[in-house]
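Reader: I would like to practise reading a multi-chain model with you. Could we go through it feature by feature?

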Amino acid sequence: MASSLTVSGIHAAYGAVRVIDDVSVKVGGGETVVLLGTNGNGKSTLMKCIMGIVRPSQGSIVAEIDGIHHDLVGRTTEEIVDLGIALVPEGRRLFPRLTVEENLLLGAFRKAARAQLSRNLDVCFETFPRLAERRGQLAGSLSGGEQQMVALGRALMLAPKILLVDEPSVGLAPILVSRTIEAIDEMKKRYQLTVLMAEQNFTQAIRIADRGYVIVHGKIAFEGRSTNELNNNDLIKKFYLGL
Amino acid sequence: MNGVANNLLEIDNLGKRFGGFVALENISLSVPNGERLGLIGPNGSGKSTLVNCICGTLQNEAGTVRFDGATLDGFTAHQRTRKGLARSFQLPRPFASLSLLDNIRIPLLYTVEARGRRHSTSEVEERCDHCLREVGLQDKARHLPRDLTQVEMRKLELARAMAAEPKLLIADESMAGLTHSEVEDILALLVRLNEQGVTIILIEHIMRAVMSFSRRIVVLVSGRKIADGQPDDVMRDPEVERAYLGQ
Amino acid sequence: MIFSFDLLINAIISGVLIGGFYAAVTAGVSLSFGILDIVNIAHPAFIILGSYVAYIVNVSFGFDPILTAIVMLPAFYILGAAIYQVYYVSFEKRGEESLRGLAFFFGLLFITEVSLVLYFGVDYRYVEAPYIGPTLHFGSVDLPLRLLVPCLVSLLLIAVLQLVLTRTFIGRAIMAVSQDQLALRLMAIDPIRIKRIAFGISIATASLAGAFLIIIQPVEPSVGREYIGRVFAICVLGGMGSLPGTVIAAMLIGIVESFTSTFYGPSWAPAVSFGFLLLTLAVRPAGLLGR
Amino acid sequence: MRSGPFLLICLVLGGAVYGAAALLDNDYIFFAGYVVLQYVVLSTAWNILGGYCGYVNFGSAAFFALGAYSTVAIHKFTTINETVAVPIPILVLMAGVVSGVVGYGMGYLTLRLRGAFFAIATLALAVVLETLVVNWDFVGGSRGAYILRPSEIAPFGNYVRYLFLIMVVLAAAAVTVARLIERSRLGYGFATIRDDELAAEALGVPTLQLKLIATTISGALMGMAGAPFPYYIGFLQPSSTFGLDYAVNSIAMPLIGGTTSWVGPVIGALLLGSLEQIATVTISSAINLLIVGCLLVGFVIVAPRGIIGLVQTYRRSKPEEFAARRPIDADAPEATP
């Protein structure tokens, strides 16, 4: 059964800096939804609100997993992850002094994930053959692209129902960006995930998206109900390039 | 070597790696005196690393940085500051146990006076007060940084960098999260400084701010410089568009 | 001093044996300081506590000190977990672990030591066990069982710890916890719980190390002090938190100390490990065997 | 207040204590007072590096012992060569130079170390120095050294009174130096090192140089505190002179008093030092360290900013001032960053 995520009317701030202002986002079961917009517009903060890292001052966040509704506001990050919601954080945040394999195995810490450990590890190495070659190498010594693969693989090991990906393209060369985006799509199809991805690389993100939102200054500036709507929109260029 | 004499900052083939990650590659950049330069690029493109290499917080493995006619290689961060380089940090780093006034006092005591200009106690107070007034924090001069909001912290960060009386000021994302009018305030402040002869490099994600402030824009993507020129030209550059919108 | 081959071989052997024991003494610090970034300079005091527990049980009931230590592991584990909880609430949570956290452990060191002095006095205490006394002889090589038994059990302890760290979920989480706590939470792992477990294990090793210590030499409360520097020297030399590195560094220090006391006199031995430590810190803070 | 008058007041205060004790004709006060004042110097010295710069020195005992042993060495030298005995004030200055140089050396060796590594390095340095002294037979080695102290000295009468007066001057000087640093350019620089070294460098503060200055001054003062000690104690042994008691006391006193200002270590040393002296007489000397240990642990947990912090909090919580210090952004929404 597919899982969905509904964010309604949330506000969040760091001290007096308002980062998110009345944002509502819905990700339906089996959808891939992208949050578009340049940095500093609140995409990451929205992800952090969902994961319980930042506490919103108003609004609700509800996840429906296997037919059960879970109110996420007020729960700890660990509890939210344990429900089956995984985040690939911005900047990847690997454990640099652990090997690739140790990083991946840490993903399978929660009970539900341990049961599927060997299958998920196989899938992971199948999706990213490069990681199988480097399984004994320290994660900190990998290149940016390889690190992103480990981060995605580690999230996969969590056996999530809903996958959040925050800025997967950061610091990657263009060709790796496109490969990373494809890998996310492959993971999604293989495990019937529900995906919410924050990404500033419009063209790449739109390749795998079903729908998308453009966030500017902490507000939803545009909601595209299809990729076409997003593509044929003059606003995008204005938001992105300030022209 | 044409035009070197007029260039305040001259970066030549600079490179920096972290483990297997190439943060900067072959960056060359000249900044003439009095310039208003906007440095932009997607997150993780190496902007902050570049600032850290220029200011001596990080050591670059390849290339050289020349400032005001002399090479900076081997100089520590505080020596570079005394030569006239100042920067604000992306995440404000106030001295938590010192009042705002004393926070401003540090660059006066350690940078301005190190250049040979002595101040009397009252002059120091006056200068500190002036710097705080510029950013509108004069009423909180005796407060500790923990009493400030994030916006005020950013202002303090800028005021403290200004107090070092730099020739080149690098403002690293000092406007994120600010309201429209606060952004205008800070831009006006930077323009005013620039008119007084300070060269400014502005690193910013708020495009509106960058476009209205900069006379020239440099774009970094994955540790490489992909564009350098007039703001309108740069933003219409297909490569920049690809970098931001993807390809 | 006549330099003879026998003397040399025996110096190396006793260095290795002592080194094995040093590894057990350091294992706890490698966990707390090397992996968790908790500067528990009171660790040697807990080792002395372990010695005294082994001593009391030995004189009262005649139990074997090592077996006693194994039985006491859970008690030391709980003590460690409780100390971490206090440390977390009072310092880590407030972000004051550096200066005040150090002072906290320094204070604990003194409280433990002085309490032992007040209760037991400053007389040297020792235990009795069948293996304290006999020595195996292989030609001119002497293997005192008093050193051999602690060394072997110590290596076993390290091997078990290493297996736990690399082969279990909790162990991997312990290795990861100081590197990125938020990332750990994103794996549904509570970093505080992991640290509490790890610190508990770290103090539990002091129970065994204490038993080894009192088997090797008579103990009085302030003996622990000479181990403070040695333990941190080995931990830093061994590359901060790598157990195989700890064993190698411990053996290295053991051999060098044994050489120094054989050829220069025992009074110079303490300077060796500290000299090593100072040099390492000044030249290569990442340690000789950093991961 | 400027430093001159301040020093004068300190001296007058010390003189008053001296006068009162002399009137009572109780030499125990001088004996006990000497130790308390010695702790004032040690904790003030520790605080210059530990409190102002935020670098924990576990090796106070080594610097103290260095001062004491430089006195022993010079004393032996003059006795063997039958030259005139060096007066104690000169010995104090010489000890200051020796331990200042060692302090500089320690700073140089540990320049790049921060936090725990620095603290551990100081501990290591202490043991290396102790081993050197233990193996240096000229100053008595591990057996210790006797210093014959004249029982009387003109015009003070009992020699202990003379030593007490020296300690009064030394304590006044140390506190004045600490106070002077606090209010000077140097003090501001030290505070930036404590708060944020990276930001300090970016604003022109030469952090490495300042650290060297701090380790030198702090080391020199500790050594000076130790210089008269052999004359006070009569018999000097490495194990007790390098004892961790000095290390724990010189850390506990500033932390209990409060580390951000010169007042803290003084209050801490006076309170804790007197308490220990009383405990030594009334209970036993072993209980001392237990008291210090418990107070240290208790204070760092319950009152992290020491007695000064408690007083400030109490003053601030008075109603009218509290009203003036209401949160600045009452309307700021709750958020955890």
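**Reading chain D and its neighbours**

Author: Happily! One thing to keep in mind throughout: this is a predicted model. Let us begin with a helix: H1 of chain D, residues 3–24, has 22 residues and reaches 32 Å from its first C-alpha to its last, close to the 32 Å expected at 1.5 Å a residue.

Reader: What phi does D:Asp25 take, just after H1(D)?

Author: A positive one, of about 55°.

Reader: How should I think about which way the residues of a helix point?

Author: An α-helix has 3.6 residues a turn, so residues three or four places apart point the same way. For a case to look at here, take D:Phe77, which sits in helix H3 of chain D, residues 60–80.

Reader: Is D:Phe77 buried or exposed?

Author: Count the neighbours. A residue is called exposed if 12 or fewer other C-beta atoms lie within 10 Å of its own. D:Phe77 has 12 such atoms within 10 Å, so it is exposed. As for distances, D:Phe77 and D:Ala191 lie 114 residues apart in sequence and 42 Å apart in space, C-alpha to C-alpha.

Reader: Now the whole chain, please. How many helices and strands does chain D have?

Author: Chain D has 16 helices and four strands. Its radius of gyration is 21 Å, close to the 20 Å that the globule rule gives for 337 residues, so chain D is as compact as a globular protein of that length. The C-alpha trace spans about 80 × 45 × 40 Å along its principal axes. Of the 337 residues in chain D, 52% are buried. Among contacts in chain D with a separation of 6 or more, 79% are between residues 24 or more positions apart.

Reader: And between chains, which pair has the most contacts?

Author: The size of an interface is often given as the accessible area lost when the parts come together. Here we count contacts instead: of the five pairs of chains that touch, chains C and D have the most. Their contact takes 36 residues from chain D and 34 residues from chain C. On the chain D side, helices H5 (115–134), H12 (244–257) and H14 (286–302) each supply at least two residues. H5(D) gives the largest share, 13 residues. By class, that side of chain D has 28 nonpolar, seven polar and one charged residues.

Reader: How far apart are the closest C-alpha atoms of chain B and chain C?

Author: They lie 13 Å apart, and no contact joins chain B and chain C.

Terms used. Residues numbered from 1 in each chain as written. Chains lettered and ligands numbered in written order. Predicted model: local features only at pLDDT ≥ 70, side-chain atom pairs only at ≥ 80, totals over all residues. Buried ≥ 20, exposed ≤ 12 C-beta atoms within 10 Å, placed from the backbone. Contact = placed C-beta atoms within 7 Å. Expected span 1.5 Å × (residues − 1). Nonpolar A, V, L, I, M, F, W, Y, C, P; charged D, E, K, R; others polar. Rg over C-alpha atoms; globule rule 2.2 N^0.38 Å.
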